[in-house]
Amino acid sequence: MASPSHAGRPNKLFRNLNAKIASIPMVLTAMVIFLGGTIWTVVYSFTNSRLLPRANFIGFEQYERLWDAPRWIISIQNLAIYGILSLIFSIMIGFLLAALMDQKIRFENAFRTIFLYPFALSFIVTGLVWQWILNPDFGVQSIVRSLGWETFTFNPLYNSDIVIYGILIAGLWQGTGLVMCLLLAGLRGIDEDIWKASRVDGIPMWKTYLFIIIPMMRPVFITTLVIITSGIVRLYDLVVAQTSGGPGIASEVPAKYVYDYMFQAQNLGQGFAASTMMLLTVAIVIIPWAYLEFGGKKRG
């Protein structure tokens, strides 16, 4: 016989029924547009579609061409360099700034706004600003030389060997503020009693952060890493605004490769193959995160 506490409880299927009905358009949109578009892209990546899609399947030929193309290899190398360094430096700088802001400093709101402001700008604006700053004729190099250092050279956007690092500077300037805010929210969620206990036990602050606070912030770090990584894979605007892929093809990235082949070279099949590889990269990041956040938790 059912207990009285469960007698008036509705079936799980009918709980929050109004909210579920209201979410139907969003679910249908996601299923038809996003999932349908993704499947369509993957399927047509196995065709020789040019200006218009056509179902003339050629197997893995587009992928063979893709991985034989020097431009694609360079774009992958650039994305790997940018991605690894962006992850390391944005997390390090963001956490240091968050730790400083967590000390209840004066004018905290003003500093937080200043650090977060670059993220409110579009990537095109950020790219143009840093293109001017790194321009050797009137940017950093010109200013330093005007102060007396005539041999000073700093023109990363015009050097094919280090151009990706010039783009990295702009990316870090724009994205680190968001990382700081995410990690600061995590720090503010730490119980004050933990800090008091560590001070009573005489544990140095750096050890408290390293061995106690950071492990407790694991979910925040994982979410932050996913957000950063998804932005890295979609890197396009900064490159177009700063270098347009130059000098030559030295700063090419996968998203620009996809755009150029689909809308300029009129080779949809090759563009679909490249975008499918980008999708695979995102899946490699998202699936482990989803498992760690949801699937790996034991149900009570």
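Arg112, in this predicted model, is in contact with Met101, Met180, Cys181 and Leu184, leaving aside its neighbours within four places in sequence. Arg112 itself belongs to helix α6, which covers residues 108-120. One of those partners, Cys181, lies 69 residues away along the chain, yet the C-alpha atoms of Arg112 and Cys181 are separated by 7.8 Å. The side chain of Arg112 also makes a polar contact, at 2.7 Å, with the side chain of Glu108. Arg112 has a relative accessibility of 25% and therefore counts as partly exposed, because the buried class ends at 20% and the exposed class begins over 50%.

Helix α9 spans residues 163-188 and packs against helix α12, residues 218-233. Their axes are 10 Å apart, and the angle between them is about 165 degrees. The two helices are therefore roughly antiparallel to each other, since that description applies to angles over 145 degrees. The crossing of α9 and α12 is right-handed. On the α9 side, the residues that meet the partner helix are Leu178, Val179, Leu182, Leu183 and Gly186. They face Val220, Phe221, Thr224, Ile227 and Ile228 of α12. Sorted by class, the residues of this contact are eight nonpolar and two polar, with no charged residue.

A second helix pair is formed by α4, residues 61-68, and α5, the latter running over residues 70-101. The axes of α4 and α5 come within 5 Å and cross at roughly 70 degrees. That angle makes α4 roughly perpendicular to α5, because the perpendicular class runs from 65 to 115 degrees. From α4, the contact is made by Leu66, Trp67 and Asp68; from α5, by Pro70, Trp72, Ile73 and Ile76. The contact of α4 with α5 has six nonpolar residues, no polar residue and one charged residue.

Helix α5 also holds Ser75. Is Ser75 buried or exposed? Ser75 is buried, because its relative accessible area is 0%, and the buried class takes in values under 20%. Not counting residues up to four places away in sequence, Ser75 touches Glu252, Val253 and Pro254.

Conventions:
Residues numbered from 1 in each chain as written. Predicted model: local features only at pLDDT ≥ 70, side-chain atom pairs only at ≥ 80, totals over all residues. Heavy atoms only, no water. Helix = DSSP H or I, 4+ residues; strand = E, 2+ residues; numbered from the N terminus. Buried < 20%, exposed > 50% of the residue type's maximum accessible area, 1.4 Å probe, protein only. Contact = heavy atoms within 4.5 Å. Polar contact = N/O pair within 3.5 Å; in protein donor to acceptor, adjacent residues only side chain to side chain. Axes fitted to C-alpha atoms, helices over the stretch in contact; angles between N-to-C directions. Parallel < 35°, antiparallel > 145°, perpendicular 65-115°, else oblique. Left-handed = near helix turned anticlockwise from the far one by under 90°. Nonpolar A, V, L, I, M, F, W, Y, C, P; charged D, E, K, R; others polar.
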